[in-house]
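Me: Please take a close look at one part of this model, a loop residue with an unusual backbone angle, and then set that part in the context of the rest of the chain. A formal, connected account would suit me best.

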Amino acid sequence: MSTGLSPQAPSGAPPRPSTRRVRALVDRVDRRFLPVVGTLVTLVVMLGVGQQRYSTARSDFLSMRLLSNLLLDNSYLLVLAVGMTFVVLAGGIDLSVGAVVALVGLVTAKLFTAGAPLPVVLVLGVLIGTCCGLLIGVMVQVFDIQPFIASLAVMFLARGLANVVSTNSLKIDDDGFSALASWSLKFGEGRETWRINASMLIAVGVLLLAVYVLHYTRFGRTVYGLGAGDRGAAVELMGLRPARTRIGVYVISGTCAGLAGILFALYTKSGFNLTGIGMELDAIAAVVIGGTLLSGGVGFVLGTGAGVLVYGLIQVLIAREDLDSWWTRVFIGAVLLAFVVLQKVIAGRRR
């Protein structure tokens, strides 16, 4: 008489053929790519869930309109995360970027009020971020201060200066700036309309430039070498320049923060001293979800781009489910925790 139960494999028995095939497939994949593969799988699953739950007879959830809106709402975060990727790959951290975004927005609004021309305002806004990044880089490299402490000090400095500029929200009503914020190319008709604006083009351009710098230049190889955990000793033996590169990654992060401040001002058409609180953690989360190891040395900036899309897609799904916005933090925390565990497993196998 049948018991209705499937036969149990005896302890110590060889794995089934299907299990062996999966293990063989995983073993063939370079372990450096596993976090990025995890990010892409997560993105595909989320898109599949959205397509299944929210598609209607009139429109699909998965569309160019969705991708356009994701980039439109998160272009500033993409630029911030790209800069943060350089720092994390080099084994550091930058906590100042959210405060820099607030400072740049307020300075931009003040300069327009004082009658400064548009090109001058844009350049000065980006240079504010560059100076903050340079300050962190000098403290880390020259004075041997921990990146966490150095960037924390600059975070308080930038946030304090933002409060000095103004504690009120300042509206930006410059004609040239408004024209730049509203410029876009529209495609499609009716509900399928999607568009490309200036912020999206800038963010994608920064991402592609970062791909070139990290993967096809001497500077990029040095960034990866700094994250090896030997304080740049191996990099120096190879004839590269670890000191300049360590300062350079913070300058890049600061410059990206200044540019993100301009993009956020284009998005909101205002400046406010409380802008960007926690934004640095959003950028770090996008970098980690995108597959870059927090210990440095392993990661891909294109994975960071996918991490930003996962971050934005979580917000979209939460909104479609009509849940409170704080559920976004819960889901991002769960995804981040899963990727940190994955990184720990990979790092353990590397040792």
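Reply: The structure is a predicted model, and the account begins with D144. This residue is exposed, with a relative accessible area of 52%, a class that applies because the value is over 50%. D144 lies in the loop between α5 (118-141) and α6 (147-165). Its phi is positive, at about 55°, although D144 is not a glycine. Most residues other than glycine have a negative phi.

A second aspartate invites comparison. D322 also has a positive phi in a residue other than glycine, near 60°. D322 is placed in the loop between α13 (301-320) and α14, and with a relative accessible area of 70% it is exposed. A positive phi is found at a glycine as well: G188 takes a value near 80° in the hairpin of β2 and β3, which has 6 residues between the strands. The two strands of this hairpin, β2 (residues 184-187) and β3 (residues 194-197), run antiparallel and are joined by 4 bridges. Within the pairing, K186 stands opposite R195 of β3.

Another loop residue, T275, belongs to the loop between β4 (270-271) and α12 (279-289). T275 counts as buried, because its relative accessibility is 14% and the limit for that class is under 20%. The C-alpha atom of T275 is separated by 7.5 Å from that of G98, although the two residues are 177 apart along the chain.

The helix that follows the loop of D322 brings the account to the aromatic residues. Helix α14 (residues 326-350) contains W327 and F331, which are 4 residues apart and therefore separated by about one helical turn. The structure holds 9 aromatic pairs. W327 and F331 form a tilted pair, because their ring centres are 6.1 Å apart and their planes stand at 50°. Both residues are partly exposed, W327 with a relative accessible area of 31% and F331 with one of 40%. Y54 and F61 likewise make a tilted pair, with 5.7 Å from centre to centre and 55° between the planes; here, both residues are buried. Elsewhere, ring pairs link Y76, F264 and Y267 into a cluster.

The surface also carries a nonpolar patch of about 390 Å², made by F33, V37, V41, V45 and V49. One of these residues, V45, is located in helix α2 (residues 34-54) and is partly exposed, with a relative accessible area of 48%.

The record adds a further frame for these positions. An unreviewed UniProt entry lists residues 33-50, 70-89, 120-139, 194-214, 247-267, 287-314 and 326-347 under "transmembrane region". In the model, residues 33-50 are 94% helix and 0% strand, with the end C-alpha atoms 26 Å apart. Residues 70-89 are 100% helix and 0% strand, and their end C-alpha atoms lie 25 Å apart.

To return to the part requested, D144 combines a positive phi of about 55° with an exposed place in the loop between α5 and α6.

Technical notes:
Residues numbered from 1 in each chain as written. Predicted model: local features only at pLDDT ≥ 70, side-chain atom pairs only at ≥ 80, totals over all residues. Heavy atoms only, no water. UniProt positions renumbered as here; feature names shortened; annotations may be inferred. Phe/Tyr/Trp six-rings, centres within 6.5 Å; stacked < 30°, edge-to-face > 60°. Buried < 20%, exposed > 50% of the residue type's maximum accessible area, 1.4 Å probe, protein only. Patch = residues over 30% accessible without salt bridge, like charges linked within 9 Å, V, L, I, M, F, W, Y side chains within 5 Å. Areas by Shrake-Rupley, 256 points an atom, 1.4 Å probe, with all protein chains shown as cover. Salt bridge = Lys/Arg side-chain N within 4 Å of Asp/Glu carboxyl O. Pairing = 2+ DSSP bridges.
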